[in-house]
Amino acid sequence: MYEKITPPPTGEKITFQNGEPIVPDNPIVPFIRGDGTGIDIWPATEKVLDAAVARAYNEKRKISWFKVYAGDEACDLYGTYQYLPQDTLTAIKEYGIAIKGPLTTPVGGGIRSLNVALRQIFDLYACVRPCRYYAGTPSPHKSPDKLDVIVYRENTEDIYLGIEWKQGSEIGERLISILNKDLIPATPEHGKKQIPLDAGIGIKPISRSGSQRLVRRALKHALQLPKEKQQVTLVHKGNIMKYTEGAFRDWGYELATQEFRAECVTERESWILGNKEKNPQISLEENARMIDPGFDNLTPEKKAQIVKEVETVINSIWSTHGDGQWKDKVMVNDRIADSIFQQIQTRPDEYSILATMNLNGDYLSDAAAAIVGGLGMGPGANIGDSCAIFEATHGTAPKHAGLDKINPGSVILSGVMMLEYMGWQEAADLIKRGLGASIADGKVTYDLARLMEPPVEPLKCSEFADAIIQQFNC
């Protein structure tokens, strides 16, 4: 089955049922060490994960690690340009869950990005990025502790699908010609718009199925959170891109109010129900006026539409959501993308799970990570219905490779996400407590040490791992 690698002699496969993992006590988990500083941060991570599992379960559970290859290390073993060998793809498919360090983006033709390729090959449609603060971590923000969000980023669509043509290419010029001459003029809402003849062209597909499976997973996650954190915010730029990003918002609400009707309420529905609770005799029209401040300036048709919306909500869910019952449901709302970038800084404690498309999610997750201390402390996961890969969110930093210097926090916390995904919460909690206590004690790597006030003596990468493990006994 494999050309150059051999699975461990002991351990069992993880299987999937209805999109969720079935994990034995001794699972085989493939790992990709990673390029550059992967040589330092992966051993530190493995040591912490193994120690936490052994401590939490008294040796009754154990991960059997299976080394597979990608990136520069794969080329060393399999040959030039073999950045993502078939052995690795076969192993990840067979064993279901994998974890990886940072990978080099190949230069030249072929694979644009190894990370993107893995997501697309295994249909890992949900990129999950928790951003929470660990006390003592240096941050540029005044109140980083108020931010505790999870970004659910759609992974397989949007412009990251990579369907584009360079300026001057034959197909690109043909496409521009067809759009300018035939398709744009045939759509009255586009008026006299034209694409410049010297433009590059990219395609931005957003589908109902892709949007809804992401929102579905985000809602399922929200149901597992404490009541005060049960909220999903649909992030979009639908005020401009109405048929892609606006559709994402609409399809998200559609999914929530159909598949999760008993468990969720939309923000707008909560306003309608709340108005009736405060004034049981309120008329439909007055309720409509309260949820839409510009009501009196609308056309009669639009007014009638909003009144009908109020009536439908009251008739359909008052018995199940009224009289304050909606306050115990998952709140589903939406925010414009540029607004949410402000609000995670000015009102961070108002948000919990942010569900968004690929490009917005890329920006947003990095911005949120910066607030709580940077990508060095930012974990990530890419999850599908039959596979999940957990990964470092930062680059390879080759100039630091082999110096036992780099912060392994991103991969360690990605391992925490993996343990939580596997249902091994006790081990995950041990690591989170240990890492938090180490940072609070000033036992950190150079990237955090130099920013602390006053600066502290930095630990090596391996020493930071040992400091975390020492906290398991406290």
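The sheet is a good place to start: 11 strands form an open, mixed sheet in the order β4-β3-β5-β15-β14-β6-β7-β13-β10-β12-β11. Here strands (E, at least two residues) and helices (H or I, at least four) are DSSP runs numbered from the N terminus, and two strands pair if DSSP finds at least two bridges between them. At the edges stand β4 (64–68) and β11 (264–266), each with a single partner strand, so one side of each has no neighbour in the sheet. From one strand to the next the twist averages 25°, with axes fitted as lines to C-alpha atoms (for helices, over the stretch in contact) and angles between N-to-C directions running from 0 to 180 degrees.

This is a predicted model, in which local features need pLDDT of at least 70 and side-chain atom pairs pLDDT 80 or more, while totals for chains, interfaces and linings use all residues. Residues are numbered from 1 along each chain as its sequence is written, and side-chain values use heavy atoms, without hydrogens and water.

Back at the β4 edge, β3 (residues 28–32) pairs with β4 in the parallel sense over 5 bridges, and Phe31 stands opposite Lys67 in β4. Helix α13 (residues 409–422) packs on the sheet, touching β3, β4, β5, β6, β14 and β15, and its direction makes about 160° with that of β15; contact means heavy atoms within 4.5 Å.

Helix α13 also leads us to the largest pocket, giving the most to its lining, with 5 residues. A pocket is an open set of points on a 1 Å grid over the protein atoms alone, where a 1.4 Å probe fits, with protein on both sides within 12 Å along at least five of seven lines; lining residues have an atom within 4 Å of a point. The volume of this one is about 930 Å³, counted as the space filled by probe spheres set on points joined across faces, edges and corners. Of its 30 lining residues, Pro130, Ile150, His221, Leu225 and Glu420 lie nearest the centre. The largest pocket lies between domain 1 (1–127 + 373–473) and domain 2 (139–154 + 208–263 + 329–369), because both give residues to its lining. Domain bounds come from an automatic or database domain assignment.

Finally, have a look at two backbone details. Most residues other than glycine have a negative phi, and most peptide bonds are trans. Glu59, in the loop between α1 (38–57) and β4, has a positive phi near 70°. The peptide bond from Glu453 to Pro454 is cis, with omega near -10°.
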